[in-house]
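This briefing goes through one protein chain by topic. Please keep the sequence and the 3D view open while reading.

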Amino acid sequence: MSSTKLFIGGLSFGTNDESLRDAFASFGDVVEAKVITDRDTGRSRGYGFVNFASGESASSALSGMDGQELHGRNIRVGYANERPSGGFRGNSSSGRGYGGGAGGAGDFEGDSGRGY
């Protein structure tokens, strides 16, 4: 198994990076454990990631921890999906791909004779 990064969902708001690392350390060498927080409030968003040094350790952790209780909550564990690098984020069908909607920078109203 080549994937070593696990997604951990359903975390208690009291779980932090260190306690997440401690919970998964028995399965192998944890390279990084990160609880994702809201950038405005600093509060946990209820999920995080654990990165292992080997795919075997990640596989063992997935089998051993998925559905188990951690800090009063049953957590979900799965392989993390890598985000594609570059390109646009979000859904291009949202109407916000070029300037944020009506009146935004992407609207060409008022251009003087450019043929738009």
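**Charges over rings**

The charged end of R43 sits 4.0 Å from the centre of the F13 ring, over that ring. The model is predicted. A second such case is K5, which lies over the face of F49 at 5.1 Å from the ring centre. The points below take up the overall layout, then the strands, the aromatic residues, helix α2 and the loops.

**Overall layout**

- The chain has 116 residues, and buried residues make up 28% of them.
- Its secondary structure consists of 2 helices and 6 strands.
- Along the sequence these elements follow the order β-α-β-β-α-β-β-β.
- Of the contacts between residues at least 6 apart in sequence, 57% join residues that are at least 24 apart.
- The accessible surface of the chain is about 8,100 Å², and carbon and sulfur atoms account for 44% of that surface.

**Strand pairing**

- β1 and β3 run antiparallel and are joined by 5 bridges.
- β1 also runs antiparallel to β6, with 4 bridges joining the two strands.
- G9 has a bridge partner in each of these neighbours: Y47 in β3 and R76 in β6.
- L6 has V50 as its bridge partner in β3.
- V50 in β3 also stands opposite A33.
- Strand β2, residues 30–37, pairs with β3 in the antiparallel sense over 6 bridges.
- β2 and β3 form a hairpin, with 6 residues between the two strands.
- In the turn of this hairpin, G42 has a positive phi of about 80°.

**Aromatic residues**

- A pair of aromatic rings is described by the distance between the centres and the angle between the planes.
- The count of aromatic pairs is 3, taking rings whose centres lie within 6.5 Å.
- Y47 and F49 form one of these pairs, with 6.1 Å from centre to centre and 90° between the planes.
- The Y47–F49 pair counts as edge-to-face because its angle of 90° is over the 60 degrees required.
- F7, Y47 and F49 together form one aromatic cluster.
- Is Y47 buried or exposed? Y47 is partly exposed, because its relative accessible area of 26% falls between the limits of 20% and 50%.
- F49 is likewise partly exposed, with a relative accessible area of 23%.
- The two residues of this pair have further partners: Y47 is bridged to G9, and F49 has K5 over its face.

**Helix α2**

- Helix α2 covers residues 55–65, and its buried residues are G55, S57, A58, A61, L62 and M65.
- Viewed down the axis of α2, these buried residues fall within an arc of 160°, so they line one face of the helix.
- E56 and S63 are exposed on the other side of α2.
- What covers the buried residues of α2? The cover includes strands β1 (5–9), β3 (44–52) and β6 (76–79), together with helix α1 (17–24).
- S60 also belongs to helix α2.
- S60 is partly exposed, because its relative accessible area of 37% is neither under 20% nor over 50%.
- The C-alpha atoms of S60 and F27 are separated by 6.2 Å, while the two residues are 33 residues apart along the chain.

**Backbone and loops**

- After α2 comes G67, which has a positive phi near 85°.
- Most residues other than glycine have a negative phi.
- H71 is not a glycine, yet its phi is positive, at about 55°.
- Where does H71 lie? H71 lies in the loop between β4 (69–70) and β5 (73–74).
- H71 is partly exposed, with a relative accessible area of 40%.

Conventions. Residues are numbered from 1 along each chain as its sequence is written. This is a predicted model: local features need pLDDT of at least 70, side-chain atom pairs count only at pLDDT 80 or more; totals for chains, interfaces and linings use all residues. Side-chain values use heavy atoms; hydrogens and water are left out. Rings of Phe, Tyr and Trp (its six-membered ring) pair if their centres lie within 6.5 Å; planes under 30 degrees apart count as stacked, over 60 as edge-to-face and the rest as tilted. Buried means under 20% relative accessible area, exposed over 50%, partly exposed in between (1.4 Å probe, protein chains only). A charge sits over a ring if NZ of Lys or CZ of Arg is within 6 Å of the ring centre and within 35 degrees of the ring normal. The arc is that of the directions from the helix axis to the C-beta atoms. Contact means heavy atoms within 4.5 Å. Two strands pair if DSSP finds at least two bridges between them. Accessible areas come from the Shrake-Rupley method with a 1.4 Å probe; for residues, only the protein chains shown count as cover.
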